[in-house]
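Student: I would like a close look at one part of this model, the salt bridges, and at the secondary structure around them. Please start from a single side chain and work outwards.

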Amino acid sequence: MDTRKIRIAITVFICLLFISFVAISELHSRRLAQVKIEEHAVIIADDLWNFHYQGAAEYLKLVANAQNYKTLVVKDHRGEIFQKAGADDPGALDRAFIRVGLIPEVPLNAVVAFEGNPIGHIEAVWLPRTVYRYAYLFFALVLILTVIQLYFRIVRHKEILEDTVRKRTVELARSNASLQVEVQKKKKTEETLRKSEENFKKLYEESRQAEEVYLSLLNSSADAIVTYNMAGHPKYLSESFTRIFGWTLAELKGDVIPFVPEAEKPRTMEIITDLIENGTSYQGFQTKRYTKTGQLLDISLSASRYNDHRGNPTGMLVMLRDISEQKRLEGQLQ
């Protein structure tokens, strides 16, 4: 199959995957936001019933900043404002996104009830900052597409190089046969050989430069990147991997990376088996991994299988993102 068609198909698939993720994520975020505002209504009910202004003010201010509420208003059953709060002024980037609509203003509403009786309601204008999550994902997908493009380009260069070598070999064989009959053609044959060597060096240098660009892109990623052979042994570790997890490729000496916790091994083996046997790609799979010093990190894992120029599976590309700080902040917020 034409590599250009493969690249187009992969690009279309990743674009559709990104669009689907954004749509599903937006629906989930809106549902979760409604659940949160209803939880706040339950918490604020006692303060509204007892007209405890101070406690309500402190809670609403904390919630407004934590949940990105532009405004948060509690009204009693008569419609009069009991308490009002708002988040701190957004940064310059947030303000720019709000102006162009990338951060929409979403209205939320929930009834405040005490002992089953409605005593008021809570209204909020929510500023969902999911655009940052989509931006990170978009750049990750762009990086993956770039790596795939470079991979196919390298494969193409290697095919051209192999074809050129085969052609030059045939030419040299014919030239050597001609030398036995016509001694005068010796100089011409030597000139042909010299040009062949120059072309070979040129093609080899282009292939080597393409490989350097490929490695440079992998090393420039903030996420840890590992390539494995089909036996699960690491062939390449990015600089970010060594910075986050501590191991280098030299000290592993081709052995399996010992960073999978026992509790994660069954699910990890299922993913590896599915990836090797079926070629199923994984995006954003949340798991845990140890560092070289024994620290347990929360990880978002993406993995795909890649083939050689003949289409045979030859290895796996795995990207690991450290989301420990994100998990910690989510835990504090909850």
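What is the relative accessibility of Lys265, and what does that residue count as?

Tutor: Happy to! Lys265 has a relative accessibility of 34% and counts as partly exposed, a class between buried (under 20%) and exposed (over 50%), with a 1.4 Å probe and protein chains only. This is a predicted model, in which local features need pLDDT of at least 70 and side-chain atom pairs pLDDT 80 or more, while totals for chains, interfaces and linings use all residues. Numbering starts from 1 along each chain as its sequence is written, and side-chain values use heavy atoms, without hydrogens or water.

The partner of Lys265 is Glu262: their side chains meet in a salt bridge with an N to O distance of 2.8 Å (a Lys or Arg side-chain nitrogen within 4 Å of an Asp or Glu carboxyl oxygen). Glu262 falls in the exposed class, at a relative accessible area of 60%. Elsewhere, salt bridges with shared partners link Asp76, Arg78 and Glu80 into one network.

In total, the structure holds 14 salt bridges. Another of them joins the side chains of Lys70 and Glu105, again at 2.8 Å from N to O. Lys70 sits in strand E1 (residues 69-76), whereas Glu105 belongs to the loop between helix H3 (92-100) and strand E3 (106-114), so this pair ties together parts that are 35 residues apart in sequence. Helices (at least four residues) and strands (at least two) are DSSP runs, numbered from the N terminus. Lys70 is partly exposed at a relative accessible area of 42%, and Glu105 is likewise partly exposed at 41%.

For a pair within one helix, turn to Glu171 and Arg168, whose closest N and O atoms are 3.7 Å apart in their salt bridge. Both residues lie in helix H4 (residues 130-181), 3 residues apart, which separates them by about one helical turn. Glu171 is partly exposed at 32% relative accessibility, and Arg168 is partly exposed at 21%.

Now back to strand E1, the one that carries Lys70. In the open sheet there are 4 strands, placed in the order E2-E1-E4-E3 with antiparallel pairing. Strand E2 (81-85) and E3 form the edges, each pairing on one side only. Two strands pair if DSSP finds at least two bridges between them; for E1 and E2, 4 antiparallel bridges are present. Within that pairing, Val73 has Lys84 in E2 as its bridge partner. Helix H2 (residues 53-67) packs on the sheet and touches E1, E2 and strand E4 (117-126), where contact means heavy atoms within 4.5 Å.

Further along the chain you can follow strand E9 (residues 313-322), which runs antiparallel to strand E5 (residues 224-229) and is joined to it by 6 bridges. One match to pick out on screen is Ala224, whose bridge partner in E9 is Leu320. E9 also pairs with strand E8 (residues 296-307), antiparallel and over 9 bridges; here Ser302 stands opposite Met319 in E9. E8 and E9 make a hairpin with 5 residues between them, and Gly311 in its turn has a positive phi of about 85°.

Terms used. Axes fitted to C-alpha atoms, helices over the stretch in contact; angles between N-to-C directions.
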